[in-house]
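Q: I'm new to this structure and would like a close look at a single part of it. Could you pick one contact, walk me through it, and then show me what else there is around the chain?

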Amino acid sequence: MADDFDLLETASSEKSQEKVDVNWGKTIDQMKSRLSQEQDPQTRQKILNATLDDVVKMAETDRSTLLDAIKDLTDYQDEVGIIFEKFSSLNAEEQKVIDDAQKALERAKIELEDAENVKDTWWNNLFGRKSRIKKKEEELKEAQKTRDAADNKAKAMFQERIESADVQTLLGELSYKSQAAVTRLKNREVEIKEVEDRLQDAIEEASKNHTKALEKKAETEEKLEEQYALLKQARQALEEVTDKQSTQYSEAIGKVTQIEQKVEELEGLRNAYITLAASKDSFVHKHNLTIKVLTSLRSNLQTHRAKLKSDTEERLKYYDGYIVALKARTDQEFAAILEHLGVKTDEHIGETLASMHTASAKARQSMMDNIPVHEKVMKGVYGSYAEALQEIREKDATIRQNFADRYGIDMKELFEEYYADDKKQNPTPETPKKPSEPDTSGDDLLS
């Protein structure tokens, strides 16, 4: 049977398959375990007895749980080989570390290529072509090291940033990771579908080979039947030769041996084709099972992706509500603080005003109580004043007389201007007021 089908061909025709490394890791299990421990049997009681201060503690617990989860997710990325910057929302500074390192690496590659493109001539080598190439090779190595370390540096900056991040930032990071996971799941579905298609082709090819192997087996068995018949005839002819030393006997033995060798070969082929047919049949079932498993996984991935995508969109709204609620709680607490301060201020101002009134009344009473004392004091003052004036007048008279006696000067005129109005300023009790003098005793000092 002349065709290109030869299941016994030993030359390898397999295509090289790309190696896929899978690191399952334990971080995701640790994270699930940690999240399961967050189930609190006292939740209902917390809600029933909640105060604004309790909400602060609960929100901080939310932040801590989110922070731990995001740290675990970031570590999980490393374990399963997810590129860090493709699965985390880096800020401009963190992204710049990676971008700068990448640009420097590309620039170093171009500079090395330019140096190598300079013609390898005696003149160019004299002017430093080889040393320049070596220098650029070293720069490329350093640029590659920097690029390799850039992801870790950006990751460290990211971890440091989220360490003190608020709930809103952490929820944003969780949403970003969810959206990135949707894309990753979609890519995985495509990959599985491609493998399914290849396996389907493999099933068809294996089925064809199984059929061809059975056909070859049938052909071989037909040839075997012919050889069995020839072998029987040859053996019978050998038995009929009586002279064991004759050439006829030797030829008969040679014919039997040749046919037996042919039978042996055909039986080997038959067994090989039987084995190959069984193997191909086995792989048809194995491939079919693998396709079923992959199809199931792909279906589950589709379910997870669809739900995650839809839920993430809803969660963004849900998270917005949560953030606004937290802010409203803060504003409410702020308003309560202002109200508390306002009440305290009102109390203090009321106390001050009341104290002012009380102090003013007491001062008025004290002033009224001190009027007799004041009058008494003033009476003594005026008495002492009158007494002092009397002494001064007597002394003035003595001085005038002394001047008159010693110098013949009458000092009376010098002193008259000081005492001209003495009687007006200090009238005696018996002297009535003149009608021409204005009466100021009725002036209103409180007006």
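A: Let's start with one pair. Arg305 forms a salt bridge with Glu189, and their closest N and O atoms are 2.5 Å apart. Arg305 sits in helix α8 and Glu189 in helix α7, so the pair links distant parts of the chain, 116 residues apart. Keep in mind that this is a predicted model.

Is Glu189 buried or exposed? Glu189 counts as buried, because its relative accessibility is 4% and the cut-off for buried is under 20%.

Now for some context. The chain has 10 helices and 0 strands, so reading from the N terminus you meet α elements and nothing else. Of the 447 residues in the chain, 22% are buried, and Glu189 is one of the buried residues.

Back to salt bridges: a search of the whole structure finds 13 of them. Helix α7, where Glu189 sits, also holds the pair Lys217 and Glu221. These two form a salt bridge with their closest N and O atoms 2.9 Å apart. Lys217 and Glu221 are 4 residues apart in the helix, which means about one helical turn separates them. Glu221 is partly exposed, with 29% relative accessibility.

Helix α8, home of Arg305, has a pair of its own as well: Lys317 and Glu314. Here the closest N and O atoms of the salt bridge are 4.0 Å apart. Lys317 and Glu314 are 3 residues apart, so again they are separated by about one helical turn. Lys317 counts as exposed at 55% relative accessibility, while Glu314 counts as partly exposed at 43%. Elsewhere, salt bridges that share partners join Glu111, Lys136 and Glu139 into one network.

Helices α7 and α8 turn up again once you look at nonpolar contacts. The largest nonpolar core has 19 residues, and Ile162, Val167, Leu170 and Leu171 touch the most other members. At least two residues of this core come from each of α3 (52-80), α4, α6, α7 (167-240) and α8 (247-407). The biggest contribution is from α6, with 5 residues. As background, nonpolar side chains tend to be buried together in soluble globular proteins.

Two of those core helices show up on the surface too. Glu113, Asp114, Glu116, Glu137 and Glu138 form a negative surface patch. Both α4 (92-117) and α6 (129-163) supply at least two residues of this patch, and α4 provides the largest share, 3 residues. Glu138 belongs to helix α6. Glu138 is partly exposed, because its relative accessible area is 40%.

There's also a nonpolar patch out on the surface. Trp122, Trp123, Leu126 and Phe127 make up this patch, which covers about 560 Å². Trp122 lies in helix α5, residues 122-126. Trp122 is exposed, because its relative accessible area is 64% and the cut-off for exposed is over 50%.

So, to come back to where we began: Arg305 and Glu189 link helices α8 and α7, and each of these two helices also supplies at least two residues of the largest nonpolar core.

How values were computed
Residues are numbered from 1 along each chain as its sequence is written. This is a predicted model: local features need pLDDT of at least 70, side-chain atom pairs count only at pLDDT 80 or more; totals for chains, interfaces and linings use all residues. Side-chain values use heavy atoms; hydrogens and water are left out. Patches are made of residues with over 30% relative accessible area and no salt bridge: like charges are joined within 9 Å, nonpolar side chains (Val, Leu, Ile, Met, Phe, Trp, Tyr) within 5 Å. Accessible areas come from the Shrake-Rupley method with a 1.4 Å probe; for residues, only the protein chains shown count as cover. A salt bridge is a side-chain nitrogen of Lys or Arg within 4 Å of a carboxyl oxygen of Asp or Glu. Lys and Arg count as positive and Asp and Glu as negative; His and the chain ends are not counted. The place of a charge is taken as NZ of Lys, CZ of Arg, CG of Asp or CD of Glu. Buried means under 20% relative accessible area, exposed over 50%, partly exposed in between (1.4 Å probe, protein chains only). A nonpolar core is a set of buried Ala, Val, Leu, Ile, Met, Phe, Trp, Tyr and Cys residues joined through side-chain atoms within 4.5 Å.
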